[in-house]
Amino acid sequence: LTMLGMIIGVGAVITMVALGNGAQATIEAQIQAAGTNLVTVMAGNFSQGGVRQGSGMSTTLTPDDAFAIRELPTVEYVAPQVSTRVQVVAGNQNWSTQLEGTDVDLPLIRSWPVRYGSWFSPQDVTSATKNVVLGKTVAETLFGPDVDPTGEVIRIGRGGTSSQPFRVVGVMAPKGALAMGGDQDDRMFAPYTTVQKKLMGIQHISNVQVSAASGTIDRTAEEIRTVLRARHELIPGEPDDFTVRTNEEIAATRTETTRTMTTLLAAIAGVSLLVGGIGIMNIMLASVLERIREIGVRRALGARQTDVLAQFLAEAVMISLAGGIAGILLGVGLSYAIERAADIRTIVSPLSVVVAFGVSIATGILFGIVPAWRAARQDPVVCLRYE
């Protein structure tokens with residue numbers, strides 16, 4: 001029963017930390033899938049009346065800017081983009097959605113696979129072909145659920161202009177809602193050159209999506225600013241005519257939140273260790289009272305105070321040691337059981353196992369010292385007369 005407090009305490013710490021680590025890993029994977037290393041360069045960045053305005057509304061970004069960014073050593077993928085609201089028709093179905101003109105690297109930047117068909121090719125971008133990839137919501141609205149519309153022809157029109165035929169070359173896998181709301185699947189994708197020339201009649205782009213190499217996002221953002229300022233011939237002190245933003249701050253905030261949650265769970269579970277230590281002290285104090293005559297006999301036969309102290313301290317440590325080992329087995333087993341039964345990811349941290357076990361031993365020593373010291377200070381004559 002004394003060991004039970006340590007078993008539950010150690011097991012609770014390991015299990016809680018495993019749950020916290022699993023939640024943190026899951027969130028980080030979701031953030032990574034959304035593009036934690038994403039750098040977004042938007043056209044426009046000017047101040048007016050003390051208020052910074054114009055981001056995304058200017059025409060200062062060009063495809064050549066995107067090509068220059070692609071040459072940076074820390075950049076992995078680049079996708080120049082333009083977007084517009086369009087009306088799309090397939091048979092007797094009519095739907096209003098967002099058409100994004102982009103490049104071949106976008107699925108790699110967003111970690112977004114294709115469910116049916118394929119993404120358009122570099123040749124489609126160069127030739128400005130009328131090929132389009134549908135989001136899941138658009139595909140299901142126009143053609144029904146679980147239907148592969150690859151090869152079908154749809155008509156896309158913008159702002160009252162006559163619609164044009166586009167061939168469906170693929171359908172994206174479902175992505176779900178954005179963190180701030182909005183359906184990511186309610187959109188279509190076409191070569192940015194096609195959207196520029198055949199739908200919008202423009203030569204500029206609205207933004208550039210950039211994927212930086214791991215761990216270089218700040219450096220990449222700074223290099224992009226340097227390159228674009230040089231290309232746009234901006235003199236020192238003149239404000240940027242573009243905006244560079246990263247997702248790293250959001251990712252860091254979410255990761256820090258889950259880390260705090262893990263620490264909180266571990267602290268709560270650590271209370272169990274404290275309770276277990278108090279239980280050991282109580283039992284050992286009771287044991288001293290029950291064994292006073294034994295202590296007297298030992299002292300009368302020549303045992304020193306240090307011998308009695310070591311005896312009771314060793315008993316407390318052995319209880320903690322056995323409880324710690326059993327708690328490790330309980331915590332690891334419970335973590336895997338939760339993962340299998342509840343489909344919740346858990347990651348058993350070797351550090352949490354070592355810390356919990358170390359704390360259990362330290363607790364045994366700390367809370368065993370008082371009873372052991374009390375036993376060692378007993379008067380042998382009084383002990384022998386104790387009833």
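The following paragraphs lead from the start of the chain to a buried strand and then to a helix of this predicted model. Residues are numbered from 1 along each chain as its sequence is written. Because the model is predicted, local features need pLDDT of at least 70 and side-chain atom pairs count only at pLDDT 80 or more, while totals for chains, interfaces and linings use all residues; side-chain values use heavy atoms, with hydrogens and water left out.

At the start, Leu-1 lies in the segment before α1 (2–34), where helices (H or I, at least four residues) and strands (E, at least two) are DSSP runs numbered from the N terminus. Leu-1 is exposed, with a relative accessible area of 94%; exposed means over 50%, buried under 20% and partly exposed in between, with a 1.4 Å probe and protein chains only.

Strand β11 (residues 207–212) offers a contrasting setting, for six of its six residues are buried, so the strand is largely enclosed by the rest of the structure. In a regular strand the side chains alternate between the two faces of the sheet. Accordingly, Asn-207, Gln-209 and Ser-211 point one way from β11, and Val-208, Val-210 and Ala-212 the other way. Strand β1 (residues 38–43) runs antiparallel to β11 and is joined to it by five bridges, with Met-42 having Asn-207 as its bridge partner; strands count as paired if DSSP finds at least two bridges between them. Strand β4 (residues 75–90) also pairs with β11 in the antiparallel sense, over six bridges, and here Val-75 stands opposite Ala-212.

Helix α7 (residues 217–231) has buried residues including Ile-217, Ala-221, Ile-224 and Leu-228. Just after α7, Glu-233 takes a positive phi of about 55°.
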